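Dear colleague,

I am handing over the structure below, and after it you will find an account of what turned up when I went through it. Please read the account with the structure open beside you.

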Amino acid sequence: MSNLPGGEPAARTADLPTGFEPAVAHDPEPQPGTPAHDEAASKEAAETVIKAFGGIRGMIDMTLPGLVFIVAFNLTHHVATAAWSALGLSALFVVVRLAKRETIQHAFSGVFGVAIGAWISMKTGKAENFYLPGLLYNVGYCVALAVSALVRWPLIGVMLGPITGEMFTWRTQNPGRLAAYTKATWAWVLIMGIKPLILFPLYFTGNVNLLGWLKVALGIPPMLLAMYVTWQILLKAPPPIKVQTDTE
């Protein structure tokens with residue numbers, strides 16, 4: 001027990017009667033309408049970006065089958081073996097997610113794309129055709145993003161709205177978020193458009209090895225960059241106006 005100035009002993013916490021413990025200061029919750037509250041709400045909404053696109057796990061589920069295909073093809077020089085290896089891995093991802101009661105949205109979309117690529121490659125006997133559906137999907141996705149931004153229904157907002165709880169209030173009641181979603185959508189067009197610009201010329205050369213390895217290398221990094229740019233844009237956007245449900 002320490003002494004106070006003047007020689008009087010100071011009471012220790014353990015010596016205080018029950019119910020008289022000193023209060024611990026806590027940071028108060030930001031009040032609605034304050035800049036701190038708006039900043040916290042914007043940050044919370046921005047962090048939904050990774051969730052919307054399946055996170056790192058979802059990107060791995062969509063990237064690894066392509067890696068397995070090119071490795072198996074180099075080892076066996078047999079298109080069917082490589083195609084079935086990639087398809088089997090995609091199916092395994094779906095089974096594992098089902099067993100763990102996780103969402104299969106991204107894993108299922110991955111197995112669907114791999115199945116089409118495997119069928120085309122085996123049908124034609126050309127290994128490079130395994131990657132054709134993915135390349136066409138990239139082009140179609142970029143076109144859809146660009147069109148959605150032009151008609152003021154940016155796809156990034158359409159995807160994130162239900163997750164943030166704002167649904168489509170960003171389009172009619174929150175012009176700042178509409179502008180942010182539009183800007184983020186154009187960012188995705190530019191970043192994701194790099195892949196087909198690089199890979200399509202390789203597809204037409206028939207260089208399967210270079211096409212396959214570059215397809216794998218360009219799988220995750222552009223997605224991470226696009227998500228990071230979107231996160232930065234939404235951090236500076238006005239907070240979402242959430243839709244009130246009947247229970248609320």
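Since you are new to this structure, please keep in mind throughout that it is a predicted model. I begin with a single residue, Thr182, whose place is in helix H9, the helix that covers residues 175-192. With a relative accessible area of 19%, Thr182 is buried, because anything under 20% falls into that class. The side chain of Thr182 reaches back along the chain to the backbone oxygen of Leu178, at a distance of 2.8 Å. Once the neighbours within four places in sequence are left aside, the residues in contact with Thr182 are Ala149 and Pro154.

From there it is natural to turn to how helix H9 sits against helix H10, the latter being made of residues 194-205. The two pack at an angle of about 20°, and their axes lie 4 Å apart. Angles under 35 degrees count as roughly parallel, so H9 is described as roughly parallel to H10. On the H9 side the meeting involves Leu190, Ile191 and Met192, while H10 brings Ile194, Lys195 and Pro196. Sorted by character, the residues of this contact comprise five nonpolar and one charged, with no polar residue among them.

Helix H10 also packs with helix H6, which runs over residues 132-150. Here the angle is about 145°, the axes are 10 Å apart, and the crossing of H6 and H10 is left-handed. H6 contributes Leu132, Leu135, Leu136, Asn138 and Val139 to the contact, and H10 answers with Lys195, Pro196, Leu199, Phe200 and Tyr203. Of the residues in the contact of H6 with H10, eight are nonpolar, one is polar and one is charged. Lys195 and Pro196 are thus worth finding in the viewer, as they are listed in the contact of H10 with H9 and again in the contact of H10 with H6.

The last residue I would point out is Lys126, which is found in the loop between helix H5, residues 105-124, and H6. Lys126 counts as partly exposed, since its relative accessibility of 45% lies between the cut-offs of 20% and 50%. If neighbours within four places in sequence are again left aside, Lys126 is in contact with Val79 and Ser121. Which distance in space separates Lys126 from Val208, given that they are 82 residues apart in sequence? From C-alpha to C-alpha, Lys126 and Val208 are 9.0 Å apart.

With best wishes

Definitions and conventions:
Residues are numbered from 1 along each chain as its sequence is written. This is a predicted model: local features need pLDDT of at least 70, side-chain atom pairs count only at pLDDT 80 or more; totals for chains, interfaces and linings use all residues. Side-chain values use heavy atoms; hydrogens and water are left out. Axes are lines fitted to C-alpha atoms, for helices over the stretch in contact, and angles run from 0 to 180 degrees between N-to-C directions. Angles under 35 degrees count as roughly parallel, over 145 as roughly antiparallel, 65 to 115 as roughly perpendicular and the rest as oblique. Contact means heavy atoms within 4.5 Å. Ala, Val, Leu, Ile, Met, Phe, Trp, Tyr, Cys and Pro count as nonpolar, Asp, Glu, Lys and Arg as charged, and the others, Gly among them, as polar. A crossing is left-handed if the near helix is turned anticlockwise from the far one by less than a right angle, and right-handed if clockwise. Buried means under 20% relative accessible area, exposed over 50%, partly exposed in between (1.4 Å probe, protein chains only). A polar contact is a pair of N or O atoms within 3.5 Å; within protein, one must be able to donate a hydrogen and the other to accept it, and residues adjacent in sequence count only if both atoms are side-chain atoms.
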